[in-house]
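Trainee: Got a minute to walk through this one with me? I'd like to go loop by loop, then look at the annotated sites.

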Amino acid sequence: MVPPPVTVRAPAKVNLHLAVGDLREDGYHELMTVFQALSINDEVTVAQADEPGIEIVGDGAELVPDDASNLAWRAVEALAERAGRDPDDPRVRVVIRKGIPVAGGMAGGSADAAAALVAAAALWRMEIGRDELSEIAATLGSDVPFCLQGGTALGAGRGERLVPVLTRHTFHWVIALDKGGLSTPTVFAELDRLRADGRPPRVGSVEPVLEALATGDPRQLALLLGNDLQAAAVSLRPTLRRTLRAGVDAGALAGIVSGSGPTCAFLCTDADSAVRVAAELSGAGVCRSVRVAQGPVHGARVIGGDDTPRPVPPEVHA
Ligand SMILES: C[C@@](CO)(OP(=O)(O)O)[C@H](O)COP(=O)(O)OP(=O)(O)OC[C@H]1O[C@@H](n2ccc(N)nc2=O)[C@H](O)[C@@H]1O
Ligand SMILES: Nc1ncnc2c1ncn2[C@@H]1O[C@H](COP(=O)(O)OP(=O)(O)O)[C@@H](O)[C@H]1O
């Protein structure tokens, strides 16, 4: 019998704190970061199929590769290998519905990879623990283990070594999407260049951020948001300075470039304030579009539960 397709939702992330250390010999930078998963999602459906393939729909779909280089496809191949299937012929069809801005510093590709891992594991009814999935996730990208885990987490190494952070509070965000993307390696390289030329400011220690998260006070957290990549993202995209100012002028507690950018994330006092800030920011003409989001949310999860029969989405032909 053909198993029903599995659809998994995976979240975007913002880095509340992103301390970038030195360039390592393997080409990565040592990081100390605090991730938070936000209620902006991609959905990935994996279906058994005689005609394998990948399809991407939604915002920015044309910017995402629809071949074997797609991270979701690579995730399926990696899991097929673990399942003892032929990784070169996994006999599935993958459909990605983009809700996360592409190349926006919100881990869209990583979310797709995390979702594809969970979906393929459920489709093939694999007995595989989250720890092992997380190990496979880390081989696909630094942010993929976090997209799997979700919530709020401290990330070390290149961001893949995670410890969950407990928070008692839901935080309310306004997200400003920029007109184009920024390439993550280019932004890291720009930071190296800025550091070789001078001393761009570095974020402080992470402990106060963890304390603010424990109290759940957005005002306290707002004072501590920090991102070492921000100077590099602003250097490559100077208009971000105006976007960051406009969000604070609109009433946000603080604004920050999300990861490698160019998306900007604004922390607000509460849900009502976030709606007001979003309305004013979208009228300011400084960004492509504006969304309201909350965090933390859970990581990659089957929608509706493993046993719930789901209709076949029109794009998927099992
Ligand atoms: C900057 C961050 C912050 O969370 O995310 P984004 O803002 O891009 O989403 C991450 O470190 C990005 O993670 P991810 O997008 O998974 O990057 P990877 O595929 O692992 O790496 C892409 C490239 O980014 C650079 N890179 C990435 C991670 C790291 N710790 N040091 C690096 O120098 C390297 O040049 C690497 O080749
Ligand atoms: N599912 C995906 N598979 C492979 N590449 C992707 C996928 N989604 C996005 N990309 C590509 O990866 C690059 C980074 O995109 P993304 O992960 O969305 O941003 P970021 O790394 O800034 O968080 C972009 O060039 C984009 O085309």
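Trainee: Where is Pro296 found?
Mentor: Pro296 is in the loop between S11 and strand S12 (301-302). Keep in mind that this is a predicted model.

Trainee: What about the peptide bond from Gly295 to Pro296, cis or trans?
Mentor: The bond from Gly295 to Pro296 is cis, with omega near 0°. The peptide bond from Gly261 to Pro262 is cis as well, with omega near 5°.

Trainee: And where is Pro262 found?
Mentor: In the loop between S9 and S10.

Trainee: S9 and S10 sound like sheet strands. What is the strand order of the open sheet?
Mentor: The order is S9-S10-S7-S11, so to speak from one side to the other, with antiparallel pairing across 4 strands. The edges are strand S9 (254-257) and strand S11 (289-295), each of which pairs on one side only. From one strand to the next, the twist averages 25°.

Trainee: How many bridges do S9 and strand S10 pair over?
Mentor: They pair over 4 bridges, in the antiparallel sense. S10 covers residues 264-268.

Trainee: Which residue in S10 is the bridge partner of Ala254?
Mentor: Leu267.

Trainee: Which helix packs on the sheet?
Mentor: Helix H9, residues 240-249. H9 touches strand S7 (171-177), S9 and S10. The direction of H9 makes about 15° with that of S10.

Trainee: Switching to annotations. Which residues does the UniProt "active site" annotation cover?
Mentor: The UniProt record, an unreviewed entry, puts "active site" on Lys13 and Asp143.

Trainee: How many residues do they span in sequence?
Mentor: They span 131 residues, yet no two of their C-alpha atoms are more than 8.9 Å apart, so they gather at one spot. Lys13 and Asp143 are both in the lining of the largest pocket.

Trainee: Lys13: buried or exposed?
Mentor: Lys13 is buried, because its relative accessible area is 3% and the cut-off for buried is under 20%. Lys13 lies in strand S1, residues 6-23.

Trainee: What does Lys13 touch, not counting residues up to four places away in sequence?
Mentor: Among its contacts are Asp143, Gly105, Met106 and Ala107. Phe35, Gln36, Ala37 and Phe146 also touch Lys13. So do Ser258 and Gly259.

Trainee: Gly105 and Met106 ring a bell. Which residues does UniProt list for "binding site"?
Mentor: The unreviewed entry lists Pro101, Val102, Ala103, Gly104, Gly105, Met106, Ala107, Gly108, Gly109, Ser110 and Ala111. From this set, the lining of the largest pocket includes Pro101, Val102, Ala103, Gly104, Gly105, Met106, Ala107, Gly108, Gly109 and Ser110.

Trainee: Take Gly104. Buried or exposed?
Mentor: Gly104 counts as buried, at 5% relative accessibility. Gly104 lies in the loop between S4 and H2. Beyond four places in sequence, Gly104 touches Ser258, Gly261, Pro262 and Thr263.

Trainee: So the Pro262 from before comes back. What is Ala103 in contact with?
Mentor: Leaving aside neighbours within four places in sequence, Ala103 contacts Gly181, Leu182, Gly261 and Pro262. Ala103 is partly exposed, with a relative accessible area of 39%. Its loop runs between strand S4 (92-98) and helix H2 (108-123).

Trainee: Domains next. What does the domain assignment of the chain give?
Mentor: Domain 1 is 6-165 and domain 2 is 171-295. The contact takes 30 residues from domain 1 and 38 residues from domain 2. Their C-alpha centres lie 23 Å apart.

Trainee: Which residues are buried in helix H3?
Mentor: In H3, residues 130-140, the buried ones are Leu133, Ile136, Ala137, Ala138 and Leu140. Their cover includes helix H1 (71-82), H2 and helix H4 (144-149).

Trainee: Backbone check. What is the phi of Arg91?
Mentor: Positive, about 55°, although Arg91 is not a glycine. Arg91 is in the loop between H1 and S4. Its relative accessible area is 43%, so Arg91 is partly exposed.

Trainee: And Arg125, what phi?
Mentor: Positive too, about 50°, and Arg125 is not a glycine either. Arg125 is in the loop between H2 and H3. Arg125 is exposed, with a relative accessible area of 65%.

Note on methods
Residues are numbered from 1 along each chain as its sequence is written. Chains are lettered from A and ligands numbered from 1 in the order in which they are written. This is a predicted model: local features need pLDDT of at least 70, side-chain atom pairs count only at pLDDT 80 or more; totals for chains, interfaces and linings use all residues. Side-chain values use heavy atoms; hydrogens and water are left out. Two strands pair if DSSP finds at least two bridges between them. Helices (H or I, at least four residues) and strands (E, at least two) are DSSP runs, numbered from the N terminus. Axes are lines fitted to C-alpha atoms, for helices over the stretch in contact, and angles run from 0 to 180 degrees between N-to-C directions. Contact means heavy atoms within 4.5 Å. UniProt positions are given in the numbering used here, feature names are shortened, and annotations may be inferred rather than shown by experiment. On a 1 Å grid over the protein atoms alone, a cavity is a set of points where a 1.4 Å probe fits but cannot get out, and a pocket is an open set with protein on both sides within 12 Å along at least five of seven lines; lining residues have an atom within 4 Å of a point. Buried means under 20% relative accessible area, exposed over 50%, partly exposed in between (1.4 Å probe, protein chains only). Domain bounds come from an automatic or database domain assignment.
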